[in-house]
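Trainee: Hi! Could you walk me through this one? I'm new to it.

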Amino acid sequence: MSETTASTPYGTLPAASPLPQRKPVSLPRLQDMRERGEKITMLTAYDATFAAVADSAGVECLLIGDSLGMVCQGLSSTVGVTLDTMCYHVESVTRGLRRVQGTAWVIGDLPFGSYHESKEQAIRSASALLHAGAHMIKLEGGGWTTDTVRFLVERGIPVCAHLGLTPQTVHALGGYRVQGRSDSDALRLKRDALELQDAGAAMLVLEMVPATLATEVTQQLPRCHTIGIGSGNGTAGQVLVMHDMLGVNLGKNPKFVRNFMEGAHSVRDAMAAYVRAVKDGSFPDNLIHAW
């Protein structure tokens, strides 16, 4: 076998990453990256093989998102995804990482209806994802979720919040539309973000909000790492749905997505190109996020 390859449970992968080798990703390590001005990279992952490939390509964070309902199950939205399904996919991802001594930080999505009833329901659901292997849980919304976030964090559960376009409530938002356009909506989003940071959220996904607003929110949150998707390049990091950035989704890609498979020799090369583009600031392009 060539010195530039390595045998894995999934076949042969390049042994030499184009990116620096790293220690296991942790919250202190992410904070150190933030303080040094290094962008955080995140991709969705739903199975063992793609999780291992993404990890080998240098992706710091893997999100087992309820987007799996749309890209894996063919649902029309994320609302039909169950907690049992999320646990199954978290287990699959973490098994893949263990098999190849992966280092990525694993985030499990709390699906619709699994944390809405009470804080006690939320901790039961979050515990299920942690037992499945997640390092952190993610939930959507601001305002009413603040007490839930505080309740979870006080009990040692790292939380990633999610503001802007929140897919679990897309029907209430009037569809997949940019959020925070008006002054009042922008002020509310800023207020919700501060409250979530104060409640202990360590990360915050900002989805489809104006780039200037996402940058302002990022600047006001020194302890909470903003992860943008369709929100410009002023956030602390970026996330994309893996199927979107590989150009293999079932519908039309949002305009903020780049197909990283174009010109790539492999899925791993495409993922490594995504990591490099986020790190050097060439992705995303703020010009398409002015909204």
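Trainee: Let's start with strand β7: how many of its six residues are buried?

Mentor: Good place to begin, and keep in mind that this is a predicted model. Six of the six residues in β7, which covers 159–164, are buried, so the strand is largely enclosed by the rest of the structure.

Trainee: Which way do the residues of β7 point?

Mentor: V159, A161 and L163 point one way, while C160, H162 and G164 point the other way. That fits a general pattern: in a regular strand, side chains alternate between the two faces of the sheet.

Trainee: And which strands pair with β7?

Mentor: Strand β6 (residues 136–138) pairs with β7 in the parallel sense over two bridges, and K138 has C160 as its bridge partner. From β6 the chain passes through helix α6 (residues 146–154) to reach β7, in a right-handed β-α-β crossover. Strand β8 (residues 203–207) also runs parallel to β7, with five bridges; there, L206 is the bridge partner of L163.

Trainee: New topic: how many aromatic pairs are there in the whole structure?

Mentor: A search finds four. One of them is F260 with Y274, edge-to-face at 5.5 Å centre to centre and 80° between the planes. F260 lies in the loop between α9 and α10 and Y274 in helix α10, so this pair ties together parts 14 residues apart in sequence.

Trainee: Is F260 buried or exposed?

Mentor: F260 is buried, with a relative accessible area of 6%. F260 also pairs edge-to-face with F283, at 5.4 Å centre to centre, and F283 is buried too. Ring pairs link F260, Y274 and F283 into a cluster.

Note on methods: Residues are numbered from 1 along each chain as its sequence is written. This is a predicted model: local features need pLDDT of at least 70, side-chain atom pairs count only at pLDDT 80 or more; totals for chains, interfaces and linings use all residues. Side-chain values use heavy atoms; hydrogens and water are left out. Buried means under 20% relative accessible area, exposed over 50%, partly exposed in between (1.4 Å probe, protein chains only). Helices (H or I, at least four residues) and strands (E, at least two) are DSSP runs, numbered from the N terminus. Two strands pair if DSSP finds at least two bridges between them. A crossover is right-handed if, with the strands pointing away from the viewer, the path from the first strand over the helix to the second runs clockwise. Rings of Phe, Tyr and Trp (its six-membered ring) pair if their centres lie within 6.5 Å; planes under 30 degrees apart count as stacked, over 60 as edge-to-face and the rest as tilted.
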